[in-house]
Amino acid sequence: METPLCTACKRRPAVYKRTYSGELLCARCTRKALHRAVKRSIARLGLLKPRQKILVPLASSNPLGSLVLASALSEIEEQYGSRVILGVPEGIDASPPRGVSVAVVRVSPREPPERGDPVACWRHDRRWSLRAARILGADAVLLPLTRTDLNLLLLEALLRGEPQALSEALHSLAWTKPPIASGLWRVEGELVAAYAAISGVEAPPGCVKRLSAAKEVYYSAASGRPELEYSPTKSLDALAAAASGMYPVCIECGGYASPGESTCRYCSRYTLNVSILSLRE
Ligand SMILES: [Zn+2]
Ligand SMILES: [Zn+2]
């Protein structure tokens with residue numbers, strides 16, 4: 001059987017079928033699709049301007065996504081003379097993508113007490129990377145949250161009946177210093193995996209182990225398809241945003257906290273120590 005051609009460039013052989021759009025893509029067009037989606041994810045954050053310093057934490061929740069995001073960002077930001085720093089917790093062996101600086105960060109404890117709980121893991125990642133970003137003087141923190149992750153986190157919050165967890169599904173938390181946002185907001189998880197396979201990116205194991213309660217409901221809502229369309233993603237974002245103003249935000253992780261509290265129930269459970277051990281260009 002003949003290899004089908006890429007439906008985007010119509011020249012090179014296709015290596016990947018993008019479920020969400022139905023396109024057949026060659027390696028080069030897969031990279032292009034990812035770059036486009038990352039650009040759209042960060043367009044309204046003001047990061048596409050000269051000399052920005054962006055921290056991408058090697059998130060325990062999605063280490064592969066961090067490497068893919070840092071790799072795409074360094075190529076996108078090259079023309080702006082911006083610097084992409086991958087924050088790697090001490091003791092984790094990860095080879096950084098080309099053109100990306102590496103900050104080795106001592107994070108203690110390395111994982112939250114509720115290891116495996118997606119909300120706890122993402123809050124922990126935000127908490128240490130915000131601290132590291134302040135030490136490094138970064139203009140923004142970009143997390144490797146794909147729209148697949150964000151949809152799952154939103155359903156998780158609803159199914160748990162935990163409205164404070166709705167903040168996990170937001171595109172950006174503009175109130176933190178520096179601001180923190182999802183660099184893969186317009187990217188489906190599947191595209192990240194395809195890009196990683198094509199580029200030979202490999203990641204250390206992550207923190208989110210337990211199947212989230214939301215997974216089955218998510219798949220049934222997506223009628224067997226692994227990825228939701230962009231439009232429901234947008235309405236889900238609006239739903240998560242509707243809760244803002246109803247809750248105070250945690251001074252540690254930026255997520256919604258309970259009324260009257262300045263720290264959320266996840267962050268108040270443990271003390272976190274963060275320091276930068278080295279910064280390599
Ligand atoms: Zn192509
Ligand atoms: Zn918190």
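The legends below describe several close-up views of a predicted model.

Residues are numbered from 1 along each chain as its sequence is written, while chains are lettered from A and ligands numbered from 1 in the order in which they are written. Because the model is predicted, local features need pLDDT of at least 70 and side-chain atom pairs count only at pLDDT 80 or more, whereas totals for chains, interfaces and linings use all residues.

**View 1. The protein chain as a whole has seven helices and nine strands.**
Helices (H or I, at least four residues) and strands (E, at least two) are DSSP runs, numbered from the N terminus. Of the 281 residues in the protein chain, 46% count as buried, a term that applies if 20 or more other C-beta atoms lie within 10 Å of a residue's own, with exposed meaning 12 or fewer, partly exposed meaning in between, and C-beta atoms placed from the backbone. Two residues are in contact if their C-beta atoms, placed from the backbone, lie within 7 Å. Among the contacts in the protein chain with a separation of 6 or more, 69% come from residues 24 or more positions apart.

**View 2. An open sheet of seven strands shows mixed pairing, in the order 7-8-6-3-4-5-9.**
The edges are formed by strand 7 (172-173) and strand 9 (273-280), each of which pairs on one side only. Two strands pair if DSSP finds at least two bridges between them. Strands of a sheet pair through backbone hydrogen bonds, either parallel or antiparallel. At the edge formed by strand 9, seven bridges join that strand to strand 5 (residues 101-108), and the two run antiparallel; here Arg106 has Ser275 in strand 9 as its bridge partner.

**View 3. Strand 6 (residues 140-146) is mostly covered, with seven of its seven residues buried.**
In a regular strand the side chains alternate between the two faces of the sheet. Both faces of strand 6 are covered, since the buried residues include Ala140, Leu142, Pro144 and Thr146 on one side and Val141, Leu143 and Leu145 on the other. Strand 6 pairs with strand 3 (residues 53-57) in the parallel sense over two bridges, and four bridges join strand 6 to strand 8 (residues 180-184), again in a parallel run. Towards strand 8, Val141 has Ile180 as its bridge partner, and Thr146 stands opposite Leu184.

**View 4. Strand 7 and strand 8 form a hairpin with six residues between them.**
The two strands run antiparallel and are joined by two bridges, and Leu173 has Ile180 in strand 8 as its bridge partner. Five of the five residues of strand 8 are buried, so this strand is largely enclosed by the rest of the structure.

**View 5. Leu55 lies in strand 3.**
Leu55 counts as buried because it has 29 C-beta neighbours inside 10 Å. Opposite Leu55, in strand 6, stands Val141. Leaving aside residues up to four places away in sequence, Leu55 touches Ile85, Gly87, Ser129, Ala132, Ala133, Leu136, Ala138 and Val141. Leu55 and Ile180 are 125 residues apart in sequence, and their C-alpha atoms are 9.5 Å apart in space.

**View 6. Helix 4 (residues 147-160) has 14 residues, and 11 of the 14 are buried, so this helix is largely enclosed by the rest of the structure.**
From its first C-alpha to its last, helix 4 reaches 20 Å, close to the 20 Å expected at 1.5 Å a residue, where the expected span is 1.5 Å times one less than the number of residues. Its buried residues are Arg147, Thr148, Asp149, Leu150, Asn151, Leu152, Leu153, Leu154, Leu155, Glu156 and Ala157. Just after helix 4, Gly161 takes a positive phi of about 65°.

**View 7. Helix 2 (residues 63-77) has 15 residues and reaches 21 Å from its first C-alpha to its last.**
That reach is close to the 21 Å expected at 1.5 Å a residue. As 13 of the 15 residues of helix 2 are buried, this helix is largely enclosed by the rest of the structure.

**View 8. Helix 1 (residues 27-42) and helix 5 (residues 189-199) pack at an angle of about 135°, with their axes 10 Å apart.**
That angle makes helix 1 oblique to helix 5. The contact is made by Ala27, Thr30, Arg31, Ala33, Leu34 and Ala37 of helix 1 and by Leu191, Ala194, Tyr195 and Ile198 of helix 5. Axes are lines fitted to C-alpha atoms, for helices over the stretch in contact, and angles run from 0 to 180 degrees between N-to-C directions; angles under 35 degrees count as roughly parallel, over 145 as roughly antiparallel, 65 to 115 as roughly perpendicular and the rest as oblique.
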